[in-house]
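This report concerns the bound ligands of one structure and the residues that hold them. The sequence and the structure are shown first.

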Amino acid sequence: MSLEEDRSIPPGLISRSDLLAAIEKDQLFLLYQPQMTPDGAMLASVEALVRWNHPARGPIGPASFVPMAEEFDMMDRLGAWVLERACREAQRWPRLSVAVNVSALQFRSTRFAEEVEAIVRRSSLPFDRLELEIVESAYIDDFGAAETVLRRLRALGIRIALDDFGTGYSSLTYLRRLPLDKIKIDQSFVQEIDTVHSAAIVHAVVALGRALGLKVTAEGVETEAQQRFMRAAGCHYLQGFLFSRPVPAEAIDGMLDRDGKAPLGAANVA
Ligand code: C2E
Ligand code: MG
Ligand code: MG
């Protein structure tokens, strides 16, 4: 099994001490997935996706252990590890932004903005090369506090993306209440564009995003037909297995030419 593949294990099998060991003994690592311009010609940014190289079970995907980190109240530590590593590794790609997923449990804390600022400053990554991806969550009950935290982050130059857009219960409330720079259309819509409903929703979401001055990314683009559709619909960026699976940092190096651009086709490595 390669590092680009991962298995899931029942979250109940993960203990607090296992997870602590994962963070402290450097058993975690990041893969990066390209976000492309709609023609697939240029790599615009990468999304950092955490994996756990479990000593007994091999690489484990985040769906198995991120929810456990939330349950064990360890999301701050896991999140800090991911952010620190992503900022450090992103230094090697001066032309690219790096997107880091953030649990709602992290940015619910009023200290979150200061913690992010400290980590990014230590790494010396320019703030405007960092994007934080948040998802709708039942944990966000105080929109006023969340808004304050996000405004502080944006004042530094950090961009905020709303991930998995359309899958929550209150997507429009998030758009109305929170300061955002980007929405990422959830892959479930992208993969169903041959149904009238999903196609209509994608068109409406792109129009909505553009009307609000937001960038729009389509996630989970797997086929050329999906790419054509999302490009015609007006998405600014596309992400999905068609271009590349999540890969180690060195593989991103290999996709860039000397100017830090990915020439046509170069990203089709997966
Ligand atoms: P996400 O942020 O929406 O990330 C996209 C997920 O979709 C990734 O799964 C990626 O491998 C997968 N994906 C990308 N393109 C395609 C495609 O074309 N087809 C299909 N079927 N899947 C595609 P992954 O890496 O397993 O991550 C799952 C989720 O775990 C992420 O969804 C994110 O919510 C969470 N996650 C990952 N890393 C972190 C992290 O460092 N911190 C936090 N809080 N959450 C994380
Ligand atoms: Mg994401
Ligand atoms: Mg997503």
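The sections below treat the site of ligand 1 and then the two metal sites of this predicted model.

## Surroundings of ligand 1

Ligand 1 occupies the largest pocket. There are 24 residues around ligand 1, and those that come nearest are Glu47, Asn101, Asp163, Glu222 and Phe241. By type, the shell comprises 10 nonpolar residues, 7 polar residues and 7 charged residues.

Four elements give two or more residues each to this shell: strand 2 (43-54), helix 2 (62-71), helix 3 (75-90) and strand 6 (159-165). Strand 2 contributes the most, with 4 residues.

## Polar contacts and coverage of ligand 1

Side chains provide polar contacts to ligand 1 through Gln33 and Arg51. An N or O atom in the side chain of Gln33 is 3.0 Å from a nitrogen atom of the ligand, and a polar side-chain atom of Arg51 is 2.9 Å from an oxygen atom of the ligand. Phe241 takes part through its backbone, where a polar atom lies 2.8 Å from an oxygen atom of ligand 1. On its own, ligand 1 has 800 Å² of accessible area, of which the protein covers 81%.

## The magnesium ion (ligand 2)

The magnesium ion (ligand 2) is coordinated by Glu47 (OE), Asn101 (OD1), Glu133 (OE) and Asp163 (OD), at distances of 2.0 to 2.2 Å. The spacing of these donor residues in sequence is E-x53-N-x31-E-x29-D. Asn101 belongs to strand 4 (residues 97-101) and Glu133 to strand 5 (residues 130-134), so this pair ties together parts that are 32 residues apart in sequence.

Among these donors, Glu47, Asn101 and Asp163 are also named with the residues that come nearest to ligand 1.

## The magnesium ion (ligand 3) and the shared donor

At the magnesium ion (ligand 3), coordination comes from Asp163 (OD), Asp164 (OD) and Glu219, with Glu219 (OE) listed twice, at 1.9 to 2.5 Å. In sequence, the donor residues follow the spacing D-D-x54-E. Asp163 lies in strand 6, whereas Glu219 lies in the loop between strand 8 (215-218) and helix 10 (224-233); the pair therefore ties together parts that are 56 residues apart in sequence.

Which residue bridges the magnesium ion (ligand 3) and the magnesium ion (ligand 2)? Asp163 does so, and the two ions lie 4.3 Å apart. Strand 6, in which Asp163 lies, is also one of the elements that give two or more residues to the shell around ligand 1.

Definitions and conventions
Residues are numbered from 1 along each chain as its sequence is written. Chains are lettered from A and ligands numbered from 1 in the order in which they are written. This is a predicted model: local features need pLDDT of at least 70, side-chain atom pairs count only at pLDDT 80 or more; totals for chains, interfaces and linings use all residues. Side-chain values use heavy atoms; hydrogens and water are left out. A residue is near a molecule or strand if one of its heavy atoms lies within 4 Å of it. A polar contact is a pair of N or O atoms within 3.5 Å; within protein, one must be able to donate a hydrogen and the other to accept it, and residues adjacent in sequence count only if both atoms are side-chain atoms. Accessible areas come from the Shrake-Rupley method with a 1.4 Å probe; for residues, only the protein chains shown count as cover. On a 1 Å grid over the protein atoms alone, a cavity is a set of points where a 1.4 Å probe fits but cannot get out, and a pocket is an open set with protein on both sides within 12 Å along at least five of seven lines; lining residues have an atom within 4 Å of a point. A molecule sits in a cavity or pocket if more than half of its atoms lie within 2 Å of its grid points. Ala, Val, Leu, Ile, Met, Phe, Trp, Tyr, Cys and Pro count as nonpolar, Asp, Glu, Lys and Arg as charged, and the others, Gly among them, as polar. Donors are N, O and S atoms within 2.8 Å of the metal (3.2 Å for Na, K and Ca); water is not among the atoms, so sites may look incomplete.
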